[in-house]
Amino acid sequence: MSNKIAVIGCGAAGMMAALSAAECGGSVTIFEKNEKPGKKIFITGKGRCNVTNACAVEDFFGYVKRNPRFLYSAVYSFDNTAVMDFFENNGCHLKTERGDRVFPVSDHSSDIINTLYRAVQKAGVNIQLGATVHSVEAKDGSVSAITYSSAGDEAGDPLTREEFDSVIVCTGGLSYPSTGSTGDGYLFAKELGHSVVAASPSLVPFEVSEPWVKELQGLSLRNVGLKLFLEKENGNGKTAAAEGSHSAGDGKASGKGADKKSKPVYDGFGEMLFTHFGVSGPLVLTASCFYEKDKAAHLLLDLKPALSEEQLDKRVLRDFEEGLNKQFKNILGGLFPSKLIPVMIKLSGIDPEKPVNEITREERLSFVKLIKNVPMTVTGTRNFNEAIITRGGVSVKKVNPSTMESKLVKGLFFAGEVLDLDAETGGFNLQIAWSTGHLAGESAAE
């Protein structure tokens, strides 16, 4: 007789787990509380779905921020090449873009969902949409049953109880709760003896305190550098800010660093966006992987990362010499977008009406430093409604990395974002879902 398997959640990890289990001979039922499969897949990559990353598989683990070693068995048994082959072989053609990011050729995430869903149906998986699982039962150290309610049930109707040999929990984390990620899997895990690492938003925009940021709302910057610093504790128990921690809250900034020995926890290059609350965009989302909410943090924005300070000074000096008789405010058009000019003047502390030929060498050098080190004070992140993924989740210490099975309850498996696993942007988090789901399904069927 085939192993009877329940998969809770019809997202990336859930569908892959169900497919893998069915192909290995399992009798599989998916329980999904939404009316459609793959609701979170649908919004990933701004609706385009960054399926995976085409980097060398040995490089993959460097992009995983929490528990990368736990993923060795899962990733090597079903890596990014296997994922790409799966979709291509099932009629969903893919393309690789900058940063080795892989997308469907159509740029429609629905094509990824439909391809996967058709494969799951073809494999004979029983799919229960609108079915909410309320509990996972165990008896004598093994999974025994689940209780659930169905879409057509009335309030007060008794729950349905069904026995299973194995249960795979693929309920996601807490990010984008509108897609159904409301922490159900954490409750199941806790009730069965597992510990859960506190969840927090990740791949999420930053809120910053400087009032001038709001003046730049909607401004997108490309080819800029961004560094994230976390404050350290010094000998007297107080936090000492890392390099460039000066405040720009008063509308002035010297651009001078405070501690040249400090290193950023993140140093990236790419695109970012100013918003009404702070900053967002690919650079910021990746930086948020390194953020720790119990430490004071600040950002340094490099508006001209391709130039050293010396090279930039020569560039600024050339602009000054070409407009000696112009006012300071009128010679910055070649350096910054127009919306940024008033803010940079304000931060520089230089009188905008001041003739360029009266600007001192000290003022010019300070301005150059500012261009390379525009400071922003991080006050926190946005909430789970705007977070792409969840940091934290079911602790991997009591999960077997070779099978994804619980070390505490036989027949209980976990896969995807419900686990304490998260990575940078670029398709790495979906690869975690595919790999852990595939291994969990295969192991449950065995």
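**Close-up 1. A leucine pair in the closed barrel.** Let us start with two side-by-side leucines: L228 stands opposite L299 of strand 19. This is a predicted model, and the pair belongs to strands 14 (residues 220-230) and 19 (residues 297-302), which run antiparallel and are joined by 6 bridges. Both strands are part of a closed barrel of 6 strands, whose order is 13-18-17-14-19-20 and whose pairing is antiparallel. From one strand to the next, the twist averages 45°. As a reminder, strands of a sheet pair through backbone hydrogen bonds, either parallel or antiparallel.

**Close-up 2. Strand 20 and its two partners in the barrel.** Moving round the barrel, strand 19 pairs with strand 20 in the antiparallel sense, over 5 bridges. Here L300 stands opposite P375 of strand 20. Strand 20 (residues 374-381) is also joined to strand 13 (residues 206-208), again antiparallel, by 3 bridges. If you would like a residue to look for in that pairing, try F206, whose bridge partner in strand 20 is T381.

**Close-up 3. Strand 9 between strands 8 and 10.** Is strand 9 largely enclosed or left open by the rest of the structure? Strand 9 (residues 142-149) is largely enclosed, because 7 of its 8 residues are buried. Strand 8 (residues 132-139) pairs with strand 9 in the antiparallel sense over 7 bridges, and E137 stands opposite A145 of strand 9. These two strands, 8 and 9, make a hairpin with 2 residues between them, and D140 in the turn has a positive phi of about 55°. Strand 9 also pairs with strand 10 (residues 160-163), antiparallel and over 4 bridges. In that pairing T147 has R161 of strand 10 as its bridge partner. While you are looking at these strands, keep in mind that in a regular strand the side chains alternate between the two faces of the sheet.

**Close-up 4. The open parallel sheet.** This view turns to an open sheet of 5 strands in the order 7-2-1-11-22, with parallel pairing. Its edge strands are strand 7 (126-129) and strand 22 (412-414), each of which pairs on one side only. Ignoring direction, neighbouring strands of this sheet are turned by 20° against each other on average. Strand 2 (residues 27-32) pairs with the edge strand 7 in the parallel sense, over 4 bridges. To find your way along this pairing, look for E32, which stands opposite L129 in strand 7.

**Close-up 5. Helix 1 across the parallel sheet.** Helix 1 lies across strand 1 (4-8), strand 2 and strand 11 (166-169), and runs at about 165° to strand 2. How many of the 12 residues of helix 1 are buried? The count is 11 of the 12, so helix 1 is largely enclosed by the rest of the structure. Among these buried residues are G14, M15, M16, L19 and S20, together with several alanines, including A12 and A13. The length of helix 1 (residues 12-23) agrees with expectation, because 12 residues at 1.5 Å a residue should span 16 Å and the end C-alpha atoms are 17 Å apart. After helix 1 comes G25, with a positive phi near 100°.

**Close-up 6. Helix 11 and what covers it.** Helix 11 (residues 341-348) is mostly covered, with 6 of its 8 residues buried. Those buried residues are I341, V343, M344, I345, L347 and S348. The elements covering them include helix 8 (212-215), helix 12 (361-372) and strand 20, so named also in the barrel order 13-18-17-14-19-20. G349 follows helix 11 and has a positive phi, near 80°.

**Close-up 7. Cysteines without disulfides.** A disulfide is a covalent bond between the sulfur atoms of two cysteines. How many disulfides does a search of the whole structure find? The search finds 0 disulfides. Why is C10 not bonded to C170? The closest cysteine sulfur to that of C10 is indeed in C170, but at 9.8 Å it is too far for a bond. C92 is in no disulfide either, and its nearest cysteine sulfur, that of C49, is 8.4 Å away. Both C10 and C92 are tucked inside: C10 counts as buried at 1% relative accessibility, and C92 is buried too, with a relative accessible area of 5%.

How values were computed: Residues are numbered from 1 along each chain as its sequence is written. This is a predicted model: local features need pLDDT of at least 70, side-chain atom pairs count only at pLDDT 80 or more; totals for chains, interfaces and linings use all residues. Side-chain values use heavy atoms; hydrogens and water are left out. A disulfide is a pair of cysteine sulfur atoms within 2.5 Å. Buried means under 20% relative accessible area, exposed over 50%, partly exposed in between (1.4 Å probe, protein chains only). Two strands pair if DSSP finds at least two bridges between them. Axes are lines fitted to C-alpha atoms, for helices over the stretch in contact, and angles run from 0 to 180 degrees between N-to-C directions. Contact means heavy atoms within 4.5 Å. The expected span of a helix is 1.5 Å times one less than its number of residues.
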